[in-house]
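Student: I have a model open in front of me. Please show me how to read it, one feature at a time.

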Amino acid sequence: MKILCLALFALAYNLVFGYVGLLAFGHAAFYGASAYGAAHVAAVWGWPPELALLAGVALATAIGALFGWLAIRRQGLYFAMITLALAQIVVFYAVQASWTHGEDGIQSVPRGTLFGLIDLGDTMNMYYFVLAVFLIGFGFIYRLLRSPFGQVLKAIRENEQRAISLGYSTSQFKLVAFTLSAMLAGLAGGTKALVFQIASLADLHFMTSADALLMTLIGGVGTLLGPIVGAVIVVTLQREFAGYGAWVIVIQGAAFVFFVLFLRKGVIGSLEDWLGRRADRKREAG
């Protein structure tokens, strides 16, 4: 379930980084805000899980639209720094606000009963719920990228000036893509809060955004399956080396350096290149 949540989070990040070319450092703000929102309405207001999740996604989408409107005016490093600064504002608010319970976070979040019929307290029921949420998010991204809107996003990534010359308002397209990415990150964060029954400052931390970037780079930037593979690798590293404490971060850093130096296109990107070259050689030989 952790892999599915983080894979959806990485897919959301890849939407803006891999397909629009926007390097953002603040996606944890959407992931964590949704986690807090869903946890609060479920634990305090007693909302059922489906409504709690929708509330978290709505909060993340609203914050994403606001942050995108503020940050999309800049490009490159300036855009990345603005998203990081805005995300830190959310962290500061979460520390100070009373309803977030500061460093304790919101604990003992009830999983509840889905649609009044399915008890999510049962682990297998919860697993199938998370799987369904992931497949919905994955299907949405798959369809989006193969739509005319998705093709425009790729055109902006490849040559924004050319896209502008063709009459497209690239700022509007980037804002919509950023907002949709925030929505999907919120879907992952809200689901995570229900799975682990807690929302904490770790969900908003910069390292959570860094994990999304790491998973995307390891799996393959701009590939559909890359972030999923990256999530599997990162979660496996964290699980297998959990006993080494802080050394887990060092191991993740070493893995990041390895993939940057030797697999520049990530696991899936490198595999696609290899398969493409192999097919070319077969055609030439035939």
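Tutor: Start with a salt bridge. Asp 203 pairs with Lys 192, and their closest N and O atoms are 2.9 Å apart. Keep in mind that this is a predicted model.

Student: Where do Asp 203 and Lys 192 sit in the chain?

Tutor: Asp 203 is in the loop between strand S4 (198-199) and helix H9 (206-219). Lys 192 is in helix H8. The two are 11 residues apart, and the pair links distant parts of the chain.

Student: Is Asp 203 buried or exposed?

Tutor: Compare the relative accessibility with the cut-off: under 20% is buried. Asp 203 has 6%, so Asp 203 counts as buried. Lys 192 has 9%, so Lys 192 is buried as well.

Student: How many salt bridges does a search of the whole structure find?

Tutor: The search finds 4. One of them joins the side chains of Lys 174 and Glu 160, at 3.2 Å from N to O. Lys 174 lies in helix H8 (residues 170-196) and Glu 160 in helix H7 (residues 160-165), so this bridge ties together parts that are 14 residues apart in sequence.

Student: What is the relative accessibility of Lys 174, and what is that of Glu 160?

Tutor: Lys 174 is at 3%, which makes Lys 174 buried. Glu 160 is at 18%, so Glu 160 counts as buried too.

Student: Which residue forms a salt bridge with Asp 273?

Tutor: Lys 265 does, with the closest N and O atoms 2.7 Å apart. Check the cover for this pair. Asp 273 is partly exposed, because its relative accessibility is 28%. Lys 265 is partly exposed at 46%.

Student: Next, helices. How do I check the length of helix H1?

Tutor: Multiply the rise per residue by one less than the number of residues. Helix H1 (residues 2-17) has 16 residues, so at 1.5 Å a residue H1 should span 22 Å. The end C-alpha atoms of H1 are 22 Å apart, which agrees.

Student: What does the same check give for helix H2?

Tutor: Helix H2 (residues 28-43) also has 16 residues, so the expected span is 22 Å. Its end C-alpha atoms lie 22 Å apart, in agreement.

Student: How many residues of H1 are buried, and how many of H2?

Tutor: In H1, 14 of the 16 residues are buried, so to speak mostly covered. In H2, 15 of 16 are buried.

Student: Why do residues three or four places apart in a helix point the same way?

Tutor: An α-helix has 3.6 residues a turn, so such residues face the same way.

Student: Now the surface. Which residues form the positive patch?

Tutor: Arg 277, Arg 278, Arg 281 and Lys 282 form it. Take Arg 277, which is found in helix H12 (residues 266-285). Its relative accessibility is 45%, so Arg 277 counts as partly exposed.

Student: Which residues make the nonpolar patch?

Tutor: Phe 256, Val 257, Phe 258, Val 260, Leu 261 and Phe 262 make a patch of about 570 Å². Leu 261 belongs to helix H11 (residues 247-262). Leu 261 is exposed, because its relative accessible area is 56%.

Student: On to the backbone. What is the phi of Ser 108?

Tutor: Look for positive phi values in residues other than glycine. Ser 108 is not a glycine, yet its phi is about 55 degrees. Ser 108 sits in the loop between strand S1 (106-107) and strand S2 (113-114). At 63% relative accessibility, Ser 108 counts as exposed.

Student: Where is Phe 115 found?

Tutor: Phe 115 is in the loop between S2 and strand S3 (118-119). Its phi is positive, near 55 degrees. Phe 115 has a relative accessible area of 57%, so Phe 115 is exposed.

Student: Last, contacts across the sequence. How far apart are Leu 131 and Cys 5 in space?

Tutor: Compare the sequence gap with the C-alpha distance. Leu 131 and Cys 5 are 126 residues apart in sequence, and 8.9 Å apart in space. Leu 131 is found in helix H5 (residues 123-145). Leu 131 is partly exposed at 24% relative accessibility.

Student: What separates the C-alpha atoms of Gln 151 and Tyr 19?

Tutor: They are 9.1 Å apart, with their positions 132 residues apart along the chain. Gln 151 lies in helix H6 (residues 148-158). Gln 151 is partly exposed, with a relative accessible area of 41%.

Key:
Residues are numbered from 1 along each chain as its sequence is written. This is a predicted model: local features need pLDDT of at least 70, side-chain atom pairs count only at pLDDT 80 or more; totals for chains, interfaces and linings use all residues. Side-chain values use heavy atoms; hydrogens and water are left out. Helices (H or I, at least four residues) and strands (E, at least two) are DSSP runs, numbered from the N terminus. Buried means under 20% relative accessible area, exposed over 50%, partly exposed in between (1.4 Å probe, protein chains only). Patches are made of residues with over 30% relative accessible area and no salt bridge: like charges are joined within 9 Å, nonpolar side chains (Val, Leu, Ile, Met, Phe, Trp, Tyr) within 5 Å. Accessible areas come from the Shrake-Rupley method with a 1.4 Å probe; for residues, only the protein chains shown count as cover. Lys and Arg count as positive and Asp and Glu as negative; His and the chain ends are not counted. The place of a charge is taken as NZ of Lys, CZ of Arg, CG of Asp or CD of Glu.
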